[in-house]
Amino acid sequence: MIPDPRLATYPFTSDATAYVMNLGTPIPDLLEKRAYARARRRGMDRVIQAIEGGIESNTEIPSELELLSYPIARMIVSCIDDDYLIRRYALAEAKAVHESLGTEPRDFLIAMGQEFKMHPTPSDQGFKMHFAEYVRYANRMHAPGWKLVNRRLYHGLVMLSLREFRRLLQEAIRDHIQQDLPLSVPPEICDALSQYIADARASLGARKTEFEIEGAVEPDAFPPCIAHAIRLLQAGANLPHSARFAATSFLLNIGMDVDGIIRIFGGSPDFDETRTRYQVEHISGSEYTAPGCDTMKTYGNCAGADELCTRIKHPLNYYRIKKREQGVVSKA
């Protein structure tokens, strides 16, 4: 029996790692014995759930097997060794513990932050953090409220609510998990996990196919939200970061090259080609998927929705359907 149930909730911590090491379970036993079959299955489920949307808690499995499923999941991810999967898995594991962090006392949050090289100090309303450390994690947030210029600073420290600190901690956890992958896994371990790896690969392939767009870029098939953002950019409007990210990731997803996107952004009043190229290439190199419709609505970037919009949940699905319809019309 695990002495502290938190170890299974936060399997990426040093305490959890030390506990697993102290168990002394031989890897061949973990990969082959029937006693650990549920841990292997749960490890695969963690990976597949990460691919498909998010890791769900499992209260039916014993805590020790739940904890052991984490290293198995990391082995599966490492054997597949796909950059998209690694990023998606790390994000899903970090998101999965965010709710649990909301029930933890402040001292625990501080200790967790320190483990991942954060240096928060308590304040009356939450925490304080040096602005340089804050920017390290907050710069990837798209909401205007996270921008440093919109934050309250005191002697170089950013004031944070408990909720905000937990969100930054989630990013630190994601970085920790992602930077540690892929592991150097011997071929015999990948062979022992082959059936689980095959199932995870199938899920990954289906996910990637869902967002693959073939053929030439067709502006007439753009969803209203993206067409609206592009019109504003070409008219010289200064779009918020969330809208720029949505437009950029969408255009990259449908096959437009970096230079083509930069030309579109050239009409922006604060256009800086060097900075724009860096940002577009960063998004391109990270293989981000464009935000879904719910996210677009959340940030106020859903514009001009039409009848097709009511039947889809993602701008890429809109584009795929429109492009297919236009192809049928042109052939007729």
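This passage describes the helix packing, the sheet and the nonpolar cores of a predicted model.

A convenient place to begin is the pair formed by helices α4 and α6. Helix α4 spans residues 37–52 and helix α6 spans residues 83–96; the two pack with their axes 8 Å apart, at an angle of about 100 degrees. That angle makes α4 roughly perpendicular to α6. On the α4 side, the contact is built from Arg-46, Val-47, Ala-50, Ile-51 and Glu-52, while α6 contributes Leu-85, Arg-88, Tyr-89, Ala-92 and Glu-93. Sorted by character, the residues of this contact comprise six nonpolar and four charged ones, with no polar residue.

Helix α4 also holds Gln-49. Beyond its neighbours up to four places away in sequence, Gln-49 touches Arg-42, Gly-54, Ile-55 and Glu-56. Phe-131, by contrast, lies 82 residues from Gln-49 in sequence and 35 Å from it in space, C-alpha to C-alpha.

Helix α5, covering residues 63–80, contains Ser-69. With a relative accessibility of 0%, Ser-69 counts as buried. Once neighbours within four places in sequence are set aside, its contacts are Ala-39, Arg-42, Gly-43 and Arg-46.

The nonpolar interior can be followed from here. Nonpolar side chains tend to be buried together in soluble globular proteins. In this model the largest nonpolar core has 62 residues, and Ile-76 and Leu-168 are those with the most contacts inside it. Helix α5 supplies the largest share of this core, 10 residues. Leaving aside neighbours within four places in sequence, Ile-76 is in contact with Gly-43, Met-44, Val-47, Leu-193, Tyr-196, Ile-197 and Ala-200. Another core, of 29 residues, lies apart from the largest one; Ala-229, Ile-264, Leu-316 and Tyr-319 are among its members.

Attention now turns to the strands. Strands of a sheet pair through backbone hydrogen bonds, in either a parallel or an antiparallel sense. Here, four strands in the order β1-β2-β4-β3 form an open sheet with antiparallel pairing. Strands β1 and β3 (153–154) are at the edges, each pairing on one side only. Strand β1 (residues 121–122) joins strand β2 (residues 126–130) over two bridges in the antiparallel sense, and three residues separate the two strands in a hairpin. Within this pair, Thr-121 stands opposite Lys-128 of β2. On its pairing with strand β4 (residues 157–161), β2 forms five bridges, again antiparallel. Two positions help to locate this pairing: Gly-126 has Ser-161 of β4 as its bridge partner, and Phe-127 faces Leu-160 in β4.

Two helices accompany the sheet. Helix α9 (residues 131–138) lies across β2, β3 and β4, and runs at about 100 degrees to β2. Helix α10 packs on the sheet as well, touching β2 and β4, with its direction at about 105 degrees to that of β4.

Helix α10 extends over residues 162–179 and includes Arg-174. Although Arg-174 is a charged residue, it counts as buried at 16% relative accessibility. Its contacts, apart from neighbours within four places in sequence, are Ala-90, Leu-91, Ala-94 and Arg-140. The C-alpha atoms of Arg-174 and Ala-96 are separated by 11 Å, with these positions 78 residues apart along the chain counted from one to the other.

Further along the chain, Pro-223 sits in the loop between α12 (194–210) and α13 (224–234). Its relative accessibility of 2% means that Pro-223 counts as buried. Phe-250, Pro-315, Tyr-318 and Tyr-319 touch Pro-223, not counting residues up to four places away in sequence. One of these, Tyr-319, also belongs to the core of 29 residues. Pro-223 and Ala-198 are 25 residues apart in sequence, and their C-alpha atoms lie 35 Å apart in space.

Finally, helix α15 (residues 258–265) is largely enclosed by the rest of the structure, because six of its eight residues are buried. The buried positions are Val-258, Gly-260, Ile-261, Ile-262, Ile-264 and Phe-265. Their cover includes α13, α14 (241–253) and α16 (273–286). Ile-264 is also one of the residues of the core of 29 residues.

Conventions:
Residues numbered from 1 in each chain as written. Predicted model: local features only at pLDDT ≥ 70, side-chain atom pairs only at ≥ 80, totals over all residues. Heavy atoms only, no water. Axes fitted to C-alpha atoms, helices over the stretch in contact; angles between N-to-C directions. Parallel < 35°, antiparallel > 145°, perpendicular 65-115°, else oblique. Contact = heavy atoms within 4.5 Å. Pairing = 2+ DSSP bridges. Buried < 20%, exposed > 50% of the residue type's maximum accessible area, 1.4 Å probe, protein only. Core = buried A, V, L, I, M, F, W, Y, C linked by side-chain atoms within 4.5 Å.
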